[in-house]
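Work through the exercises below with the sequence and the model open. Try each task before reading its solution.

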Amino acid sequence: MKRHIGVILQYIILMVLLTLLHVYNNHAVTLMLLIFAVLIPAISIIFFLFERRKLSITVSFQQYMCYRNQENHLTFHIKNPGFYPHTRLKLYFRLKNGITDNNYVHELELFVPAHKTIDYQMPLVFMFCGVYQAELFQYSTEELFHFSGHKQDIKVSVEAVVLPGNVALPDSLSDLTGSSMNEEISELNQKGEDFSEIFDIREYEMGDKLQAVHWKLSAKSEELLVKDFASLTGEMFQLILELSYKDMRHMDSFFDLLWSAASFYVNHNMTFSICWMSSDGEFHRVSINDTDDIVKVILQLYYEQLPIHAYTFKEVMQAGSIGSSHFLITTNIYNSSDNLTLAFSYKNLARMYKNTR
């Protein structure tokens, strides 16, 4: 408003000078200047009043999903179907991380010619992981001579998911029970060792274990018969999450470690699940088979935001059925008295503990 008042005062001073000049010399040139000084701004203001609402603005991210510290682009698509150019179009928008609350307003000034559509790309590098929302909530434009302006409220938003970064993990994390990882996997790939359920009786084959022999039926039939047990459906272990972050650095380190550990086990063909409790006390358990499952868990945790009450790993274990083989990912510090052994520490901010029961 102050800007427009200043422009109007300057215009009034100019008109007074032109009028005095015309009165002083009574020349046709000064008369023409005076007429043009009145008509041109008047025509501009009239056209502006008719054309100011015709702008169409949308927003999009170049990539819906990217990694932290990877460049993405926020694109503003601006369509001006009218014949009035907008020389000073200002866009007001917020760029918020869904995990935190950020009300900082960004401002962008552009020139949009008449009958044109422009795409302005703003390069962005996200320093923190999470779901980022770009919300365009208002734009303003001015008449060519800045005599008047127009503000329009608008609600256009778009989201981009920023995945965590990768952490180099030691191979020792594949050793769950003291045996090697390959032995664990080969044991799971055998015909079945769930002794609580038998689904077939067959003849003995080389390699069958003696405890699988059905001795009573073997004695009656005078040949060795073995029991085929149901295949193992349980997981090798669980990853327990303690959702507690002191600040954004701790949060990033937590998600980096979760992403890297889960990807590490998926790449080694190990079966496991991820367990946590949401802020409303609901227990979650998700079986992980591939990278897409990890992404789904990460997204679910992003939308959880910061828990009002962070449940401890003991509360998570009490809420769900957790096996004896499990890891804990947390930003807190535990000692051996909690039946936990430190398996890996990342930046001394996020830690991975192994159960020692």
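The exercises that follow concern a predicted model.

**Exercise 1. The nonpolar cores**

Task: Find which residues touch the most other members of the largest nonpolar core, and which elements supply it.

Solution:
- Step 1. Start with the membership: the largest nonpolar core has 44 residues.
- Step 2. Pick out its best-connected members. Leu239, Phe255, Tyr265, Ile274 and Met352 touch the most other members.
- Step 3. Assign the core to elements. Strands S8 (149-163), S11 (237-241), S12 (272-277), S14, S15 and S16 (350-355) each supply at least two residues, as do helices H5 (248-267) and H6 (291-304).
- Step 4. Rank the contributions. H5 gives the most, with 12 residues.
- Step 5. Look elsewhere. Another core, of 26 residues, lies apart from this one; Leu110, Phe126, Ala134 and Leu136 are among its members.
- Step 6. Set this against the general pattern. In soluble globular proteins, nonpolar side chains tend to be buried together.

**Exercise 2. Strand S16 and its partners**

Task: Describe how S16 pairs with S14 and S15, and decide whether S16 is enclosed or open.

Solution:
- Step 1. Take S14 (326-330). S14 and S16 pair antiparallel over four bridges. Within this part, Phe327 has Lys354 of S16 as its bridge partner.
- Step 2. Take S15 (340-346). S15 and S16 are also antiparallel, joined by six bridges. Ser345 stands opposite Arg351 of S16.
- Step 3. Inspect the turn. The S15-S16 hairpin has three residues between its strands, and Lys347 there takes a positive phi near 60 degrees.
- Step 4. Check burial. Five of the six residues of S16 are buried, so the strand is largely enclosed by the rest of the structure.
- Step 5. Zoom in on Met352. Beyond its neighbours within four places in sequence, its contacts include Leu173, Leu239, Leu257, Ala261, Tyr265, Phe327 and Phe344.

**Exercise 3. A threonine in a loop**

Task: Place Thr331 and list what surrounds it. Is Thr331 buried or exposed?

Solution:
- Step 1. Locate the residue. Thr331 sits in the loop between S14 and S15.
- Step 2. Apply the cut-off: buried means under 20% relative accessible area. Thr331 has 2% relative accessibility, so it counts as buried.
- Step 3. Find its polar partner. A polar atom of the Thr331 side chain lies 2.5 Å from the backbone oxygen of Ser244.
- Step 4. Add the other contacts. Leaving out residues up to four places away in sequence, Thr331 touches Ser244, Tyr245, His250, Phe254, Leu349, Ala350 and Arg351.

**Exercise 4. Salt bridges**

Task: How many salt bridges does the structure hold? Work out which parts of the chain three of the pairs connect.

Solution:
- Step 1. Count them. There are seven salt bridges.
- Step 2. Take Arg68 and Asp256. Their side chains meet at 2.3 Å, N to O. This pair links distant parts of the chain, 188 residues apart: Arg68 is in the loop between S2 (65-67) and S3 (71-80), and Asp256 is in H5.
- Step 3. Check burial of this pair. Arg68 has 16% relative accessibility and counts as buried. Asp256 is buried too, with a relative accessible area of 1%.
- Step 4. Take Arg88 and Glu109, which meet at 3.4 Å, N to O. Arg88 lies in S4 (86-97) and Glu109 in S5 (105-112), so the bridge ties parts 21 residues apart in sequence. Glu109 is partly exposed, at 42% relative accessibility.
- Step 5. Take Glu135 and Arg94, which meet at 4.0 Å, N to O. Glu135 is in S7 (130-142) and Arg94 in S4, so this pair ties parts 41 residues apart in sequence. Glu135 counts as buried, at 15% relative accessibility.
- Step 6. Look for shared partners. Arg68, Asp252 and Asp256 form one network of salt bridges.

**Exercise 5. Positive phi and cysteines**

Task: Where do Asn69 and His146 lie, and how many disulfides are there?

Solution:
- Step 1. Recall the background. Most residues other than glycine have a negative phi.
- Step 2. Examine Asn69. Its phi is positive, about 70 degrees. Asn69 lies in the loop between S2 and S3 and is partly exposed, at 46% relative accessibility.
- Step 3. Examine His146. Its phi is positive, about 65 degrees. His146 lies in the loop between S7 and S8 and is partly exposed, at 21%.
- Step 4. Turn to the cysteines. The structure holds zero disulfides. Cys66 is buried at 2% relative accessibility, and Cys275 is buried at 0%.

How values were computed: Residues are numbered from 1 along each chain as its sequence is written. This is a predicted model: local features need pLDDT of at least 70, side-chain atom pairs count only at pLDDT 80 or more; totals for chains, interfaces and linings use all residues. Side-chain values use heavy atoms; hydrogens and water are left out. Buried means under 20% relative accessible area, exposed over 50%, partly exposed in between (1.4 Å probe, protein chains only). A polar contact is a pair of N or O atoms within 3.5 Å; within protein, one must be able to donate a hydrogen and the other to accept it, and residues adjacent in sequence count only if both atoms are side-chain atoms. Contact means heavy atoms within 4.5 Å. A nonpolar core is a set of buried Ala, Val, Leu, Ile, Met, Phe, Trp, Tyr and Cys residues joined through side-chain atoms within 4.5 Å. A disulfide is a pair of cysteine sulfur atoms within 2.5 Å. Two strands pair if DSSP finds at least two bridges between them.
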